[in-house]
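Q: I would like to take a close look at a single part of this protein, and then see how that part sits within the whole chain. Please go slowly, as I am new to reading structures.

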Amino acid sequence: IMPVCGSVIRSYDAPVTLFLDDLQWADSASIAAVRQLLCSTGSSSKQKQFFFVGCHREGMIDSTHPVRELVCNAEQLGVSFTSLKLDSMGEETLNAMVSETLCVLPRLTRTLANIMYRKTKGNPLFVSQLMLSLNKKNLLFPSLNRRRWEWDIEKIMSQKLPDDVAVFFTQSIADLPSNVRISLFHISCFGASVEIAFVKTLEIALEMRGLCDNLDIAVDEGLLEKKGGELRFSHDHIQEAAYNTLPADMRCLFHHACGMALASFSTSESDDSILLAAVNQINLGGPAAVQDTSQSSNIAKVNLRAGQKAMVMSDFGAAYSYFNHGISFLQEGYWQEHYDLSLRLFELAAKCALAIGDLANSKLHSEQVMKEARSFEDALNVMYISTCALAYSSGLPDSIQKSIEILRMLDIDLQESRSTEACVQETITLLTTRTDEEILNTRQMTEPTMIIALK
């Protein structure tokens with residue numbers, strides 16, 4: 001897809017700019033897509049029409065992060081880049097911002113700006129939120145008599161304002177009504193943004209009346225933004241603060257309860273996104289949150305369903321994660337009590353691990369199946385995966401030899417002495433004895449062992 005996007009960009013006369021924020025949260029696949037797009041737009045072209053801008057928090061991009069790899073390899077890709085460090089505002093700049101915001105002369109706002117600078121260290125997000133907070137507390141207010149903004153400098157100085165933006169947001173959320181705080185926590189469990197339609201589904205699944213109304217209050221408070229059918233936290237610091245309103249052990253229990261409620265709801269809905277959201281919540285809770293061990297096999301089954309859905313979408317990384325989580329929820333003795341489920345989870349985990357290049361885990365899962373398989377036929381799929389893994393890891397001769405050995409176990413002799421040309425000629429001869437209609441109406445092969453043999 002990316003080369004096609006690159007050719008589309010090159011076909012336009014006007015330049016195209018792509019801006020991505022919060023790159024510290026980007027995964028390898030996303031950065032790989034950006035890298036491919038940079039390459040496909042033609043770094044050697046005379047008219048460079050693609051401009052990529054990325055932002056990330058300082059101190060959150062280490063040497064192993066995919067963004068660091070992209071920057072280090074930029075010159076090899078023939079892409080010129082510039083690194084800019086955006087510092088916090090200085091005191092003069094902050095005073096200019098406050099002056100312009102309040103439409104008051106800079107010499108009059110200097111005292112207020114000085115206090116705000118000491119508290120915020122010039123962090124723009126902190127400054128804007130602090131001004132809103134002072135206004136709500138009636139410490140920064142419009143004067144109708146003087147026709148300008150005024151402030152109570154003594155009361156502002158006496159306020160115990162936090163020195164950290166995260167603490168500030170935590171305190172801001174703590175000042176909200178309890179039902180609004182709980183509602184904010186609920187949607188913070190689903191990330192920085194969530195569809196409004198999904199919030200309504202969540203309201204029904206959790207039997208939590210007033211969830212949407214409570215979130216509207218958070219929108220009015222400036223903690224959430226409502227745009228295009230989506231609710232988004234105004235900043236990821238706010239989402240983190242809302243999520244941390246409950247201790248870690250209680251968060252795990254909520255993730256589990258929320259996931260189970262959504263999983264039950266998803267059985268009556270055709271929308272796969274509800275199933276995937278449910279499984280993600282259950283997995284965030286983890287096996288430790290399961291209080292009724294009889295649920296474990298059902299959780300493993302919904303992970304199996306989610307993994308199969310992800311495979312259909314060619315998201316093998318997510319699929320592998322689902323299968324691996326499904327295995328982690330199985331109780332001791334699962335091969336004896338849930339043989340078919342265990343076989344399918346391990347088999348597909350091995351397949352997806354191979355698809356994402358994780359040969360070590362693919363081998364581990366395959367070996368587990370070959371150890372526990374009750375029949376030769378049950379182990380055939382992972383035997384095929386093992387031969388593919390050998391081929392992918394520069395072991396093609398060994399892969400061929402192993403394939404021949406497996407085929408012999410299936411009573412299929414390849415007659416190694418025959419040449420390729422002879423096999424092709426025999427196939428042509430067989431086909432000439434049949435009409436086109438007979439070939440098209442040939443019964444589809446359904447025997448699992450023969451399908452594996454053909455592979």
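In which helix is the place of Leu454?

A: Leu454 has its place in helix α24, which covers residues 448-454, and it should be said at once that the model shown here is a predicted one. With a relative accessibility of 67%, Leu454 counts as exposed, because that label is given to residues over 50%. Leu454 also shares in a feature of the surface: together with Met445, Met450 and Ile451, Leu454 makes a nonpolar patch of about 350 Å².

For a contrast, consider Gln281, which lies in helix α14, residues 272-285. The relative accessible area of Gln281 is 2%, and Gln281 is therefore buried, since the cut-off for that word is under 20%. If neighbours within four places in sequence are left aside, the residues in contact with Gln281 are Cys189, Phe190, His255, His256, Cys258 and Gly259.

Helix α14 also appears in the surroundings of helix α15, because the cover over the buried residues of α15 includes α13 (248-266), α14, α16 (316-329) and α18 (339-355). Those buried residues of α15 are Ser296, Ser297, Ile299, Ala300, Val302, Asn303, Leu304, Ala306, Gly307, Ala310 and Met311. The length of α15 can be checked by a simple calculation: α15 runs over residues 296-312, and at 1.5 Å a residue its 17 residues should span 24 Å, which agrees with the 25 Å between its end C-alpha atoms. Just after α15 comes Ser314, which takes a positive phi of about 60°.

Stepping back to the whole, the secondary structure of the protein chain comes to 24 helices and seven strands. The protein chain is more spread out than a compact globule, because its radius of gyration is 30 Å, well over the 23 Å that the globule rule gives for 455 residues. Along its principal axes, the C-alpha trace spans about 100 × 65 × 45 Å. Of the 455 residues in the protein chain, 37% count as buried, a group to which Gln281 belongs, whereas Leu454 counts as exposed. The accessible surface of the protein chain comes to about 27,000 Å², and 53% of that surface belongs to carbon and sulfur atoms. Finally, if one takes the contacts between residues at least 6 apart in sequence, 63% of them join residues at least 24 apart.

Notes. Residues numbered from 1 in each chain as written. Predicted model: local features only at pLDDT ≥ 70, side-chain atom pairs only at ≥ 80, totals over all residues. Heavy atoms only, no water. Patch = residues over 30% accessible without salt bridge, like charges linked within 9 Å, V, L, I, M, F, W, Y side chains within 5 Å. Areas by Shrake-Rupley, 256 points an atom, 1.4 Å probe, with all protein chains shown as cover. Salt bridge = Lys/Arg side-chain N within 4 Å of Asp/Glu carboxyl O. Helix = DSSP H or I, 4+ residues; strand = E, 2+ residues; numbered from the N terminus. Buried < 20%, exposed > 50% of the residue type's maximum accessible area, 1.4 Å probe, protein only. Rg over C-alpha atoms; globule rule 2.2 N^0.38 Å. Contact = heavy atoms within 4.5 Å. Expected span 1.5 Å × (residues − 1).
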